[in-house]
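This report describes how the helices of one model pack against one another, what surrounds its ligand, and where a few individual residues sit. Please keep the sequence and the structure in view while reading.

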Amino acid sequence: MELKINDYQFGERPEVTRPKPEILTILGESGIRKLVDDHYNLLKKSDYSPLFPQEEEEFEAAKLRSSDFFIQILGGPEYFNQNRGQPKLIYRHSNFKITKKARIVWLECYQQLLPKLNLSEELILSYWNYLNIFSAWMVNSKE
Ligand code: HEM
């Protein structure tokens, strides 16, 4: 299975398809929270660690905000909307300098994690395609 990182032009916003809800059915909310935890822990070891909250409590809170979103996008309870309001993710990322390279590193962390999940190839690819495409929307700074 190849999880390929697409290269998009700066400012391009390719059409996004939501990941399949079966992913949440199979992994459960705890599985999604663990995936996001693992992802943030890899980011913390990356060159882009300074982008993320440095204080432990705030870092854990960031994991929670993100996993709330992913549970919601996978068809689960609307935790993110309840706790934060409308996602407006482009706007929420606009305070952070997200370059093409930052997106690649962010995706590389998921490349390490997704194949280890107890999911069929079809479901892993569904999750990957969503991340691969939607992450391009967050790129807001030229190198
Ligand atoms: C599919 C793509 C992505 C999704 C769905 C996503 C989702 C989220 C969500 C839900 C939040 C919390 C927003 C809030 O409640 O204020 C967040 C925060 C953040 N994201 Fe992303 N993100 C994506 C891509 C990226 C990329 C490529 C980067 C670059 C490294 C990035 C860096 C950050 C940073 C620095 C924060 C702030 C941390 C915090 O919550 O305090 N994100 N993201």
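## Burial and the segment before H1

A residue is called buried if 20 or more other C-beta atoms lie within 10 Å of its own, exposed if 12 or fewer do, and partly exposed in between. The structure discussed here is a predicted model, and the values below should be read with that in mind.

Pro21 lies in the segment before H1, and because 14 other C-beta atoms are found within 10 Å of it, Pro21 is partly exposed. Leaving aside its neighbours within four places in sequence, Pro21 is in contact with Leu74 and Gly75. The C-alpha atom of Pro21 is separated by 22 Å from that of Trp106, a residue 85 places away along the chain.

## Packing of H1 against H2 and H5

Helix H1 covers residues 22-44, and its packing is described here against two other helices, H2 and H5. With H2, the angle is about 145° and the axes are 9 Å apart, while the crossing of the two helices is right-handed. On the H1 side the contact is made by Leu24, Glu29, Ile32, Arg33, Val36, Asp37 and Tyr40, which meet Phe59, Ala62, Lys63, Ser66, Ser67, Phe70 and Ile71 in H2. Sorted by class, the residues of this contact comprise eight nonpolar, two polar and four charged.

With H5, which spans residues 100-113, H1 packs at an angle of about 130°, again with the axes 9 Å apart. H1 and H5 are therefore oblique to each other, and their crossing is right-handed. Here Leu35, Asp38, His39, Leu42 and Leu43 of H1 meet Trp106, Cys109, Tyr110, Gln112 and Leu113 of H5, a contact whose residues divide into seven nonpolar, two polar and one charged.

## Packing of H5 against H6

The axes of H5 and H6 come within 10 Å of each other and cross at roughly 155°. Because an angle over 145 degrees counts as roughly antiparallel, H5 and H6 are therefore described as roughly antiparallel to each other, and the crossing is right-handed. From H5, Arg103, Trp106, Leu107 and Tyr110 meet Leu131, Asn132, Ser135, Ala136 and Met138 of H6. The contact of H5 with H6 has six nonpolar, two polar and one charged residues.

## Trp106 and the ligand

Trp106 belongs to helix H5, where it counts as buried because 21 C-beta neighbours fall inside 10 Å. Not counting residues up to four places away in sequence, Trp106 touches Leu43 and Ser135; Leu43 is one of the H1 residues in the contact with H5, and Ser135 is one of the H6 residues that H5 meets. Trp106 and Leu43 are 63 residues apart in sequence, yet their C-alpha atoms are 6.8 Å apart in space.

Trp106 also belongs to the surroundings of the ligand: of the 21 residues around the ligand, Ala62, Arg65, Phe69, Trp106 and Phe134 come nearest. Helix H2 (56-73), helix H4 (89-93), H5 and helix H6 (121-138) each supply at least two residues of this shell. By class, the shell has 14 nonpolar, three polar and four charged residues. Ala62 is also one of the H2 residues that take part in the contact with H1.

## Tyr79 and Lys88

Tyr79 is found in helix H3 and counts as partly exposed, because it has 17 C-beta neighbours inside 10 Å. Apart from residues up to four places away in sequence, Tyr79 touches Asp68, Ile71 and Gln72, and Ile71 is among the H2 residues that meet H1. The C-alpha atoms of Tyr79 and Ser120 are separated by 26 Å, the two residues being 41 apart along the chain.

Lys88 has its place in the loop between helix H3 (79-84) and H4. Because 10 other C-beta atoms lie within 10 Å, Lys88 is exposed. The backbone of Lys88 also deserves a check, for its phi is near 40°, a positive value in a residue other than glycine.

Terms used
Residues are numbered from 1 along each chain as its sequence is written. This is a predicted model: local features need pLDDT of at least 70, side-chain atom pairs count only at pLDDT 80 or more; totals for chains, interfaces and linings use all residues. Axes are lines fitted to C-alpha atoms, for helices over the stretch in contact, and angles run from 0 to 180 degrees between N-to-C directions. Helices (H or I, at least four residues) and strands (E, at least two) are DSSP runs, numbered from the N terminus. Angles under 35 degrees count as roughly parallel, over 145 as roughly antiparallel, 65 to 115 as roughly perpendicular and the rest as oblique. A crossing is left-handed if the near helix is turned anticlockwise from the far one by less than a right angle, and right-handed if clockwise. Two residues are in contact if their C-beta atoms, placed from the backbone, lie within 7 Å. Ala, Val, Leu, Ile, Met, Phe, Trp, Tyr, Cys and Pro count as nonpolar, Asp, Glu, Lys and Arg as charged, and the others, Gly among them, as polar. A residue is near a molecule or strand if its C-beta atom, placed from the backbone, lies within 6 Å of it.
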